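Please open the structure in your viewer and keep the sequence beside it, and we will go from one selection to the next.

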Amino acid sequence: MAKNTIIPFGPQHPVLPEPIQLRLVLDEERVVSAIPVVGYVHRGLEKLAEQKDFLQDTFLIERICGICSFIHSLTYSMGIESMMGLTPPPRAQYLRVIWSELHRMHSHLLAVGLLADAFGFENLFMQLWRTREHIMDAMEATTGARVMLGTCCPGGVRKDIDPELLKFILTTLVTVEKEMDEQMPVLLNDYSVKQRLCGVGILDKQVAYERGAVGPTARASGIAMDLRTHGYAAYGELDVEPMVETDGDCYARTKVRVRELYQSMNIVRKAIGQIPSGPINVPFKTKPDGEVIMRAEQPRGEVLYYLKGNGSDMLERLRVRTPTFANIPPVLAMLAGCELADVGVIVISIDPCISCTER
Amino acid sequence: MFTLIGNVFKNLRSKYATRLYPYEVRESFTGSRGKLEIDPNICIYCGICAKRCPANAITVSRKPDKTWTLDPYRCIVCSYCIEVCPKKCLHMNPKHRSQE
């Protein structure tokens, strides 16, 4: 009987954008199981947040993730608003949707680009990242920064987008859509790409549900779960439908992201078309008091914030459950029984964000 | 299998997507948050910016001399200090710090 071998996959590995180690238990070339080892990028942000006031925390919270930063600050702000009984003005809610969806688009383009790099399609990777730059430009033009937007705050948003810049976003979306129309058929229909993605890393709907998969990972396994349908910010007025696939393999996860890219584009267009005029934040003098759990849909799935205030400037406790944390148990189920050569593609197919997970 | 071949030829004919930085620098957007600057003639050295800065990048002292110091390596360019400044003496230069 052959003995199992354990090999380390990561923390430094060409396909991994961030450090996580998976100890792969192998029977020859087949993975029997995987043991995750995390803790390489822990920064103690939750503890640090308790030492800063709740308005300074907005900037700190954004730095939990370098990809979905705006949605982190949005969820945090919604939590603080819920504790203080604030309702942001409608224009602020629409601006939050616009920036959230731009973030989702750049995150999904980054994710599918990294996936293309993981299966060796370097040209496609470069093309997708080049398209992503247009969205980064739209974010820089509207907020002043490419990733750490710093525009969301309790009570609304810090910065308005004037009509010329709203037009600039629409022009950018035309360019992005044109380029995506050229690239996405390659990603979805190319023979070699399909060979690497179809039937690889299958996650059954029942297993996805039991292991608590979230976001595109869950939706690709047939679970119609998208928090945007709950209507936070202005999503309630924009008719968001969850993008669901049923195959549960790497190809289905990629397809969900591609469909969501087009969906986000439509949401931004609709939000810009419907955006009301008016103030962008509400003044307040109260301090957060009580406990709240707030959820929002990030590009990778559902993020959950637990906030506890005591009526002072400082929060007593801040806890974040990020989507990648929820997607690690499902990815371990995907890896069991797969080929060693497919491990990279499977891990990247959940779009792991380790700095989020470790905070 | 050759679906991206048209794109390859298009790229051969088109301009580079990248620039030869630092020889060719991209124009900043008007509202870009590049680097924080102060007008010392308006500043009253009240220290609110230092107190509110999330990164503790600003130091203000009134004695013995009135000084306002920014640690550019700590600054996260969030503009929060500009918002809270009572005299509006801080502003953001859209040009990023150069590499010197």
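**A strand pair and its surroundings**

Begin by selecting Tyr305(A), which stands opposite Val320(A) in S8(A); please bear in mind throughout that this is a predicted model. Now extend the selection to strand S7 (residues 301-310) of chain A, which pairs with S8(A) in the antiparallel sense over six bridges.

Next, select helix H11 (residues 323-335) of chain A, which packs on the sheet and touches S6, S7 and S8 of chain A, its direction making about 130° with that of S7(A). Then add helix H3 (residues 69-84) of chain A, which lies across S6 and S7 of chain A and runs at about 145° to S6(A).

With the helices hidden, look at the strands themselves: they form an open sheet of three strands in the order S6-S7-S8 (chain A), with antiparallel pairing. Which strands are at the edge? They are strand S6 (289-298) and strand S8 (315-321) of chain A, each of which pairs on one side only. Neighbouring strands of this sheet are turned against each other by 10° on average, direction ignored.

Now select the whole of chain A, where you will find 13 helices and eight strands, and where 52% of the 359 residues count as buried. Its C-alpha atoms fill a box of roughly 70 × 45 × 30 Å along the principal axes. The radius of gyration of chain A is 20 Å, which agrees with the value near 21 Å that a compact globule of 359 residues would have.

Finally, show chain B as well, and select the contact, which takes 15 residues from chain B and 20 residues from chain A. On the side of chain B that touches chain A there are nine nonpolar, five polar and one charged residues.

Definitions and conventions. Residues numbered from 1 in each chain as written. Chains lettered and ligands numbered in written order. Predicted model: local features only at pLDDT ≥ 70, side-chain atom pairs only at ≥ 80, totals over all residues. Contact = placed C-beta atoms within 7 Å. Nonpolar A, V, L, I, M, F, W, Y, C, P; charged D, E, K, R; others polar. Helix = DSSP H or I, 4+ residues; strand = E, 2+ residues; numbered from the N terminus. Rg over C-alpha atoms; globule rule 2.2 N^0.38 Å. Buried ≥ 20, exposed ≤ 12 C-beta atoms within 10 Å, placed from the backbone. Pairing = 2+ DSSP bridges. Axes fitted to C-alpha atoms, helices over the stretch in contact; angles between N-to-C directions.
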